[in-house]
Amino acid sequence: MSDQRTPVHEQVLDGFGTVRVLPLDPKADAEVIHRWAAGERAAFWGMNGLTRDQVAEIYAHMDTLDTHHAYLVVKDGEPAALLQTYEPEADRVSECYPVEPGDIGVHLLLAPAGPDGARAGWTAALVSAIASYVLLGLDRRRVVVDPDVANEKAVSRFLRQGFEAGPVVTLPEIDLPDVYLPEKRAQLAFLRREVAFPG
């Protein structure tokens, strides 16, 4: 996959490969994102049943916002994850916890495992590169994530990566002309910069 986009972050991880975080191109990346988000494993992502064009429209709208950003994470040139970052005070999560200066919110959708199945250390390496980008590259103090409380796989993945469990909260429904999000029971979790990168 040749990609002319300038990465916002690039990191070589020993024994894993090169991870690049690229600004999402809503049109060019719609096919791969739609494929990932339409699968049953991505039910918690909330895009099951959407067409490729609807997915492209969602990210084209996000592209107009100053507070929410989407990225395609690639490993050695192959799409590996969808990363979304957001300012918590501009998001419904702010109604559920006291936002601190330097907080940044993150949503992460990993690509499905390839034909060889899941690979040990794959997720940890990607999350480590993403933490480097948001905490060091963007100079933030703390990451907040809000996986669905029923998404035990995602919750345990974040806790294994050093995130500290916060409260279980109910994110309120959002019903706007451009955005609809149903109410969601979420497990908040936080990763402080000094925990991820001590010293």
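Biologist: What makes the approach of the Arg 193 side chain to the backbone oxygen of Arg 140 a polar contact?

Modeller: The side chain of Arg 193 reaches that oxygen of Arg 140 at 3.3 Å, and a polar contact is a pair of N or O atoms within 3.5 Å, where within protein one atom must be able to donate a hydrogen and the other to accept it, and residues adjacent in sequence count only if both atoms are side-chain atoms. A polar atom of the Arg 193 side chain also lies 3.3 Å from the backbone oxygen of Leu 135. This is a predicted model, in which local features need pLDDT of at least 70 and side-chain atom pairs count only at pLDDT 80 or more, while totals for chains, interfaces and linings use all residues. Residues are numbered from 1 along each chain as its sequence is written, and side-chain values use heavy atoms, with hydrogens and water left out.

Biologist: Why is Arg 193 called buried?

Modeller: Its relative accessible area is 18%, and buried means under 20%, exposed over 50% and partly exposed in between, with a 1.4 Å probe and protein chains only, so Arg 193 counts as buried. Arg 193 is placed in helix α5 (residues 193–196), where helices (H or I, at least four residues) and strands (E, at least two) are DSSP runs numbered from the N terminus. Not counting residues up to four places away in sequence, Arg 193 touches Leu 135, Leu 136, Asp 139, Arg 140 and Arg 141, contact meaning heavy atoms within 4.5 Å.

Biologist: Which class of accessibility does Asp 139 fall into, and what is notable about its phi?

Modeller: Asp 139, in the loop between α3 and β6, has a relative accessibility of 54% and therefore counts as exposed. Its phi is positive, at about 55°, although Asp 139 is not a glycine. Asp 76, in the loop between β3 and β4, likewise has a positive phi, near 50°, but at 44% relative accessibility Asp 76 counts as partly exposed.

Biologist: How do you know whether Asp 29 is buried or exposed, and what does its side chain meet?

Modeller: Asp 29 has 5% relative accessibility and so counts as buried; its place is in the loop between β2 and α1. The side chains of Arg 5 and Asp 29 are joined by a polar contact of 2.7 Å. Arg 5, found in the segment before β1 (9–13), also has a polar side-chain atom 2.8 Å from the backbone oxygen of Pro 23. Leaving aside neighbours within four places in sequence, Arg 5 is in contact with Leu 22, Pro 23, Leu 24, Asp 25, Asp 29 and Leu 72, and on the same basis Asp 29 touches Arg 5, Leu 24 and Leu 72.

Biologist: What angle between α1 and α2 is at issue, and what is their arrangement called?

Modeller: The axes of α1 (residues 30–38) and α2 (residues 52–62) come within 9 Å and cross at roughly 110°; axes are lines fitted to C-alpha atoms, for helices over the stretch in contact, and angles run from 0 to 180 degrees between N-to-C directions. Angles under 35 degrees count as roughly parallel, over 145 as roughly antiparallel, 65 to 115 as roughly perpendicular and the rest as oblique, and α1 and α2 are therefore roughly perpendicular to each other. Ala 30, Glu 31, Ile 33 and His 34 of α1 make the contact with Arg 52, Val 55, Ala 56 and Tyr 59 of α2.

Biologist: How do the residues of this contact divide by type?

Modeller: They divide into five nonpolar, one polar and two charged, where Ala, Val, Leu, Ile, Met, Phe, Trp, Tyr, Cys and Pro count as nonpolar, Asp, Glu, Lys and Arg as charged, and the others, Gly among them, as polar. The buried residues of α1 include Ala 30, Ile 33 and Trp 36, and the buried residues of this helix pack against α2, β3, β4 and β5.

Biologist: What makes a set of residues a nonpolar core, and which members of the largest one touch the most others?

Modeller: A nonpolar core is a set of buried Ala, Val, Leu, Ile, Met, Phe, Trp, Tyr and Cys residues joined through side-chain atoms within 4.5 Å. In the largest, of 29 residues, Val 73, Leu 83, Leu 126 and Val 143 touch the most other members. The largest share of this core, 10 residues, comes from α3. Apart from it lies another core, of 18 residues, among them Ala 37, Ala 42, Met 47 and Val 55.

Biologist: Why is Ala 42 called buried?

Modeller: Its relative accessibility is 2%, so Ala 42 counts as buried, although Ala 42 lies in the loop between α1 and α2.
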